[in-house]
Amino acid sequence: MKFLDSDDVIIACSTGMTSNAALAVIRISGFKDLSFFSGFFSKNLAPIEPRKVYYTNLLDGETHLDDLCLTYFKGPHSYNGENTLELSIHGNLLHVERVLNLFTRNGLCRLASPGEFTYRGLRNKKLNLSQVEGLDLFLNAESVFALGQGLSLLNGDLQENYHKLYELFLRHKSALELSIDFLDDVGEETAQGYFKESLLGLAKSVSALAKRVLPQSQSLIEPDIVLVGLPNSGKSSLFNFLLSQDRAIVSSIAGTTRDYLAEKIQFDGVNYRLIDTAGVRETKDQIESQGVARSLSRLKNAFFRILLINPFETDDEAFAELLKFDYDLIYFSHSDVAGFEEKKTLFVDRFCRVASGQNLNILSLDEKFIHNILKLHINKKYLSLTSGNPILLDRHKSLILQLETAIRSYQDLAENESDIAIIGSELNTLGHCISELIGIISPDQVLDSIFSNFCIGK
Amino acid sequence: MKTFDIIVVGGGHAGLEAAHIGAQFGLNIALITMPGIGIGSAPCNPSVGGVGKGQVVRELDALGGVMGILADKAGIQFRTLNESKGFAVQSSRVQIDKELYSIEAEALTASVENITVIREKVLNISKTDSGEFQITTTDGLYLGKKTIMTVGTFLGGKLHTGQTQTQGGRFECESSPSLDTLFSQIKTRPARFKTGTPPRIHKDSIDYSKLVEQPSDEQTRNFHCLHDSHKRFIPQVSCWLAHTNGTMMGIIRDNKEKSPMYNGQIQGVGARYCPSIEDKAFRYPDKNIHHVFIEPEGLNLDTMYPSGISSSLPKEVQEDFVRSVEGLENAKILVYGYAVEYDVVDTTALNQTLEHQEIPGLYFAGQVNGTSGYEEAAGQGLIAGTNAALSLIGASPLILSRHESYIGVMIEDLISNTRDEPYRLFTARSENRLFIREDNSILRMYPYRAQFGLNTQLDFYLGHYIGEYEILMEICDNQMISEDSELLKNLSGESDHQKLIKRISVTDLLRQGWLNPITTLEIILNFYEMNFNSDVIKSVAISKKYDGYIKRSDAQFDKVKKLETMKLNWEELAVSKNISFECKQRITRIKPETFGQLKLIEGIRPATLAVVAARAL
């Protein structure tokens, strides 16, 4: 990130630049005072009050560019702590570009890098790292749940959990220090008791957090529903049918490739990405085989996997490849063709033995009916996965898992090692893990904790 | 007018170290001390050492300090604290005969030709145009090239016992003028600190049969490395453990309005780790039982020091509560407890050598810097004295790293933070506790001492010690013990259920959790008829035992260290918009080349470091 240390005045269109709209919001941040804008507006900005909306004209020299509303946020009482001006201009893209150009062409402002406004908020301590992560999650959420967790991070709720963890770590560390530096004051028994009790509390809190780390939770951020099957198994037909029913309003997935087709559909407040993979079969075609590999990789991280089977066509070898995955649902297509039931039974006998151990949800309904059933299954899975309020962010997940492992081995050590200096040294190692999640713990804080809980001293 | 290289103002534990180390460099030293008080006196606990502090005394000893020598000679009860807790946190503590301690300090000082003791009260200090210090006392005028202020609690000192307030730095001692009178350029911190002492009890008025005896430990090693390790210079006596009770705490709680600390008479801030009995009564209303260690103050003194019940309550209340303790029913109080309030300087105005940043040549050390404890004072005294001397002879300064010593931890903590209570060392303050131990203090301090370029008996001993240490470390790595060695039979006394499954080195054997590394190494060396200094054996054994853990912990700090060695362009920083004006001034003055150096600059703000560090990531 090049902008880490930059103090330039930055500008960006905060409402996105993808299509024409009625309004666009331009944000300018980091200027020293409002005299910075002299000449740009018909109104004299010197006397305006922060946090009030003013109507004025935007000028390019003599030329009148737009009528707009502007709001001034005076630092540090602004989103990122800097002086910020927000302009609500008309949202024609050509016009937006013209306005950005007006402010940047003389080097007055610089176009902001992605995330730069927020980074400055971080730098000015208006947000902490978790809040920034929460904001990112919130702005890019694909589900009401992710929206919720993003907002919760933004409000500092998860941070509060971490603070509790921090308190518990502090308690335990001070218990350890108590038994070294103040043994004469409190006596061995009190020190031991406090040590054990505080460790238990810490370990409990870590495992409660670890319970919220699910291996599948990555798939909850951008949930994919993947249709898999051999060629001609009816994937495209199902894909198109589902789209016709539930295509999401917002759909901006770039291009179609030979690998797979993807479109967004919405069930019950969750934007899923519906993916029609390339037909999987052994192929000598270089490009297609790459497509197959990529299909399989999509499958690996998918939220919901549907295997489609055309019981009239089989390719044992390719099919065995597909059965390496677990499926949430298996769907037999071509149910309207004569002899379907017979073929299906045969197929199930032959292959589903191979797939034993899988929780088979076998459907063979007409497309008209599958829609509701499918929706039911998908919603059910989404609700069950989100019921434990899983933590979605990778950084947090991996730190919590690390912490869980670290605390287990620390508990072992505390049980078996008699040298408290060694235990203390390993506790510091554990502390590094914790400090990445919650911030650094200084010796002064540890001592403060001791003094507030114990009567110490000569 | 008499002229000296270094003038030390104050004859306490900091002043003693400063004067003696300065003298070792052959410089001409004056030690100015209040008339009527012996030097090196112990007005608080009659003990030296303790957890974290024992390490400081041994660091001092290896650097050429005198505290260890004096404590051994005046030691009447030795103890190893945290004995069951692991080698790294074990610390020695010695009860001292405080009368004898001072006599020994006087004698040792008198034996050094180039220290002149001046027993006069200092009235004024000023800096001459030539950069020297002119010191006016009640009786004379002295000129010093460097001045070290080790004035303890005497600056603007005020004593409190009940409603009685007297000017003074200590019982029956007058106080010195306040610092701004002495030296108008220096600001003291607006907040005053407070400390206190308990009433002293006549030793014949105590019923010892009701107390728990704590005899002297023969196994605790003397502090001074040149002393016979376990020889005692004078007869040993015991300390005694008593307990407070509900009656006693009730008396204190009933007299709240008479306590200067709780009725607003005392404004100063006391240390939380050194609470008065009033603090204990009011802060922990549910707790009535506290430890009271009854410590003898000297073989020929009648007073016993009841550690844990310092108080500034009126005399009759002190009498009441003392007599409510089991075993002290008939206690006769010889000296009543009192609290003392005093001025402290702002240590963030000092640099790592303890020299005042704005007044070159002027150093501050000891309790005047807001620390508590004789050991902390002595540690600073030695740093200030050494650096004043090194500066005079044109050598580079002595700066101890916090990763290598408790003295280094203390100095860095002092100069980088403004404290709102007296500072005391705890092992918890160190991030490197497994390495900063008592047993390896010589190993840690020798490289620094060697740089002084002195050639004393101590230097000869230290050099020899390090030689032996290195040889033994190598032997441990190279000597193999086979799984069927006769030797193992000797070790089986340690534990009979473990066996070696293959040939391993002595080093690896010492790391086996089922063996005590020290006795194991002793047995091995006996077996091979190799003769080593017992201190070296102990230190090598413990080093080997901790080696893996230390490496692990070092790895954690590697990230930090990497950052420390990161090169930076100070000219760029000096014009950066993100750095405060003061920081830029300091950067321009010091011209740091690495992040580590930048971090060491006094007064560099965390925000500045964050800006620079962020750029590196």
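Which residues touch the most other members of the largest nonpolar core? In this predicted model, the core holds 217 residues, and those with the most contacts to fellow members are I306(A), I7(B), V8(B), I29(B), I148(B) and A365(B). Helix α5 of chain A, spanning residues 157-181, is the leading contributor to this core, with ten residues. A second core, separate from the one above, has 23 residues, among them L58(A), L70(A), V96(A) and C109(A). Such grouping fits a familiar pattern: nonpolar side chains tend to be buried together in soluble globular proteins.

A closer look at I306(A) is helpful here. Leaving aside residues up to four places away in sequence, I306(A) touches I225(A), V226(A), L227(A) and V228(A), along with Y327(A), D328(A), L329(A) and Y331(A).

Turning to chain B, 20 helices and 22 strands are found. Of its 617 residues, 51% are buried. Among contacts in chain B between residues at least 6 apart in sequence, 72% link residues at least 24 apart.

Helix α12 of chain B makes a pleasant worked example. Its 22 residues, 457-478, reach 32 Å from the first C-alpha to the last, close to the 32 Å expected at 1.5 Å a residue. Within α12(B), the buried residues include L462(B), Y469(B), L472(B) and C476(B). Viewed down the axis of α12(B), the buried residues fall within an arc of 95 degrees, so they line one face of the helix. Residues three or four places apart point the same way because an α-helix has 3.6 residues a turn. On the face of α12(B) turned away from the buried side sit the exposed residues F460(B), G463(B), H464(B), G467(B), E474(B) and N478(B).

Notes. Residues numbered from 1 in each chain as written. Chains lettered and ligands numbered in written order. Predicted model: local features only at pLDDT ≥ 70, side-chain atom pairs only at ≥ 80, totals over all residues. Core = buried A, V, L, I, M, F, W, Y, C linked by C-beta atoms within 7 Å. Buried ≥ 20, exposed ≤ 12 C-beta atoms within 10 Å, placed from the backbone. Helix = DSSP H or I, 4+ residues; strand = E, 2+ residues; numbered from the N terminus. Contact = placed C-beta atoms within 7 Å. Expected span 1.5 Å × (residues − 1). Arc of directions from axis to C-beta.
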